[in-house]
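The following exercises concern the structure shown below. Each task is followed by a solution that proceeds step by step.

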Amino acid sequence: MSATAELIIEGKSYQLPVVEGTENEKAIDINALREQTGYITIDSGYKNTGATKSAVTFLDGELGILRYRGYSIEDLAEKATFLEVAYLLIYGELPTAEQYAAWENSIRTHTLVNEDMRRIFDGFPVNAHPMGVISSLVSAMSGFYPDSYNEKAPDRTEMHIIRLLAKLPTLATWSYKKSQGHPINYPKNDLDYSSNFLQMMFALPVANYHVDPVVANALNTLLILHADHEQNCSTSTVRLVGSSRANIYSSISAGISALWGPLHGGANQEVIEMLEDIKADGGDVSKYIEMAKNAKTTGFRLFGFGHRVYKNFDPRAKIIKKAADEVLAKLGVNDPILAIAKGLEEAALNDEYFVSRKLYPNVDFYSGIIYRALGIPTNMFTVMFAIGRLPGWIAQWKEMRAGKEPIGRPRQIYTGATSRDFVSIADR
Ligand code: SDX
């Protein structure tokens with residue numbers, strides 16, 4: 001007999017089924033609630049509401065655990081390549097050597113973008129934010145692959161998945177090259193995923209470009225750490241848009257737009273700008289801790305701190321903080337804002353306001369310090385997050401479609417004006 005939850009409404013008792021996951025998470029199944037009781041539930045920000053069942057990623061916010069398809073983020077960050085993790089998230093298993101070779105080769109040989117996409121890109125002003133550019137260009141990809149939205153065409157989802165993973169890094173570098181007044185670089189088939197991105201970003205026609213393995217490895221690790229994170233804002237957006245049977249390019253483009261927000265992926269850019277402000281203001285972190293504690297009057301928020309589900313350390317932040325020390329040392333970079341970041345973390349973790357609210361550094365707190373050391377400009381940090389998160393979005397979209405989930409359409413409680421007669425403008 002499966003467990004049930006009893007709900008008593010207006011003296012009447014209702015038994016609601018309980019759903020239990022493989023990690024012993026429990027949920028009350030309210031699929032029949034309105035039909036049985038006439039009531040709906042309401043939960044702003046969906047803090048207590050599960051939108052779906054998923055086998056892609058498990059996280060435990062209290063214990064600071066994160067696993068992709070059962071593999072710990074610590075193991076994957078240390079031992080896997082980003083494309084191995086992408087395969088794992090999308091297909092559910094780590095690839096064999098043969099599967100990986102075919103997968104990696106498919107992606108490597110689809111990195112070129114249709115030249116007509118350049119004409120779309122050329123229309124952007126030089127200072128257009130790269131997140132707006134890539135969300136537009138990814139959506140525009142549907143125009144080049146119309147079978148992606150033709151319900152009668154044979155299903156070529158696997159090809160669209162390859163195209164997205166292969167071409168997003170290429171598209172992502174265009175804004176940076178334009179902002180520098182440099183010519184755009186074409187991808188090279190003799191380079192691995194991270195190295196190819198770096199050469200498209202930083203190679204110049206005047207000299208051969210040497211990919212620093214320290215930089216390529218750091219990028220590989222950062223992409224893995226961002227690859228998926230269960231039902232976060234942007235992933236939920238991808239699933240919701242895809243639930244209307246919108247094509248995969250439109251769904252991913254919507255996810256990029258959601259990620260751009262400063263409370264979500266845009267926080268990594270906000271963190272660096274915040275640390276720069278603190279440095280310019282003399283580096284007194286206690287002043288900013290106080291400002292954050294009085295957010296209601298100061299309007300100041302400590303970006304890179306706090307998380308909807310992690311009420312303990314974000315395991316990704318721990319790995320990134322350690323990597324920041326290692327990468328900057330290997331590159332011989334001495335970035336004063338790393339010390340400011342550590343000072344801020346130390347002060348916050350010893351302050352009742354943050355401790356009582358369980359506000360710890362999240363994935364965005366230290367990532368920008370490494371991106372900066374790799375030479376990536378601040379306004380590209382969230383683009384890096386998007387490149388990392390792409391396989392997670394794809395895996396979740398694919399799972400939603402395979403599960404034939406209904407179109408997402410939440411209900412509401414109406415609080416507006418009740419019925420009233422129209423008044424002509426002469427009488428208003
Ligand atoms: C990501 O969901 C995911 O998985 C996201 C992500 C992923 O991988 O996809 O992990 C990536 O988006 C990480 C989060 C990046 N965002 C930031 O760093 C922005 C700063 N953090 C916050 O704005 C906030 O912590 C959120 C948005 C992350 C979470 O917000 P919640 O869960 O809605 O919590 P809340 O805003 O209700 O805050 C609870 C309390 C409030 O105080 P009180 O009203 O109780 O007095 O904590 C305070 C908040 O004011 N608070 C902060 C704070 N974050 C929350 N106070 C100061 N500084 C902060 N950063």
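**Exercise 1. Aromatic pairs**

Task: State how many aromatic pairs the structure holds, and classify the pair formed by Y353 and F354.

Solution. The model is a predicted one, and it holds 15 aromatic pairs. A pair of aromatic rings is described by the distance of the centres and the angle of the planes. For Y353 and F354, the centres are 5.1 Å apart and the planes make an angle of 70°. Planes over 60 degrees apart count as edge-to-face, so the pair of Y353 and F354 is edge-to-face. The next step is to consider accessibility. Y353 has a relative accessibility of 21% and counts as partly exposed, whereas F354, at 3%, is buried.

Task: Classify the pair formed by Y371 and F381, and determine which helices it ties together.

Solution. The centres of Y371 and F381 lie 5.4 Å apart, with 40° between the planes. An angle that is neither under 30 nor over 60 degrees counts as tilted, and the pair of Y371 and F381 is therefore tilted. Y371 belongs to helix α18 (residues 364-373) and F381 to helix α19 (residues 381-402), so the pair ties together parts that are 10 residues apart in sequence. Both Y371 and F381 are buried.

Task: Name the residues that ring pairs link into a cluster with Y353 and F354.

Solution. The cluster consists of F305, Y353, F354, F365 and Y366, linked by ring pairs.

**Exercise 2. Charges over rings**

Task: Identify which ring lies beneath R118 and which lies beneath K178.

Solution. R118 lies over the face of W174, and its distance from the ring centre is 5.7 Å. K178 lies over the face of F121, at 4.9 Å from the ring centre.

**Exercise 3. The ligand and its surroundings**

Task: Describe the residues around the ligand by number, by nearness and by class.

Solution. There are 24 residues around the ligand, and those that come nearest are H229, R301, L302, H307 and R316. Sorted by class, this shell has nine nonpolar, seven polar and eight charged residues.

Task: Find which atoms of L263, L302 and R389 lie close to polar atoms of the ligand, and state how much of the ligand the protein buries.

Solution. Begin with the backbone. A polar backbone atom of L263 is 2.8 Å from a nitrogen atom of the ligand. At L302, a backbone N or O atom lies 2.7 Å from a nitrogen atom of the ligand. Turn then to the side chain of R389, where a polar atom lies 2.8 Å from an oxygen atom of the ligand. The final step concerns area: the ligand taken alone exposes 1000 Å², of which the protein buries 79%.

**Exercise 4. Two buried polar residues**

Task: Locate N247, decide whether N247 is buried or exposed, and list contacts of its side chain.

Solution. N247 is placed in the loop between α10 (233-243) and α11 (248-259). Its relative accessibility is 9%; since buried means under 20%, N247 counts as buried. The side chain of N247 reaches the backbone nitrogen of Y249 at 2.9 Å. It also makes a polar contact of 2.8 Å with the side chain of S250.

Task: Carry out the corresponding steps for Q199.

Solution. Q199 is situated in helix α8 (residues 193-202). With a relative accessibility of 3%, Q199 counts as buried. Its side chain makes a polar contact with the side chain of N196, at 3.2 Å.

**Exercise 5. Positive phi angles**

Task: Give the location and accessibility of R69 and K358, and state the phi angle of each.

Solution. R69 lies in the loop between β5 (65-68) and β6 (71-72). Although R69 is not a glycine, its phi is positive, at about 50°. R69 is partly exposed, with 22% relative accessibility. K358 is found in the loop between α17 (352-356) and α18. Its phi is also positive, at about 55°, and K358 is not a glycine. The relative accessible area of K358 is 41%, which makes it partly exposed.

**Exercise 6. Residues far apart in sequence**

Task: Describe the setting of K318 and its separation from E74.

Solution. K318 has its place in helix α15 (residues 315-331). Its relative accessible area is 53%, and K318 is exposed. Along the chain, K318 and E74 are 244 residues apart, while their C-alpha atoms are separated by 9.7 Å.

Notes: Residues are numbered from 1 along each chain as its sequence is written. This is a predicted model: local features need pLDDT of at least 70, side-chain atom pairs count only at pLDDT 80 or more; totals for chains, interfaces and linings use all residues. Side-chain values use heavy atoms; hydrogens and water are left out. Rings of Phe, Tyr and Trp (its six-membered ring) pair if their centres lie within 6.5 Å; planes under 30 degrees apart count as stacked, over 60 as edge-to-face and the rest as tilted. Buried means under 20% relative accessible area, exposed over 50%, partly exposed in between (1.4 Å probe, protein chains only). Helices (H or I, at least four residues) and strands (E, at least two) are DSSP runs, numbered from the N terminus. A charge sits over a ring if NZ of Lys or CZ of Arg is within 6 Å of the ring centre and within 35 degrees of the ring normal. A residue is near a molecule or strand if one of its heavy atoms lies within 4 Å of it. A polar contact is a pair of N or O atoms within 3.5 Å; within protein, one must be able to donate a hydrogen and the other to accept it, and residues adjacent in sequence count only if both atoms are side-chain atoms. Accessible areas come from the Shrake-Rupley method with a 1.4 Å probe; for residues, only the protein chains shown count as cover. Ala, Val, Leu, Ile, Met, Phe, Trp, Tyr, Cys and Pro count as nonpolar, Asp, Glu, Lys and Arg as charged, and the others, Gly among them, as polar.
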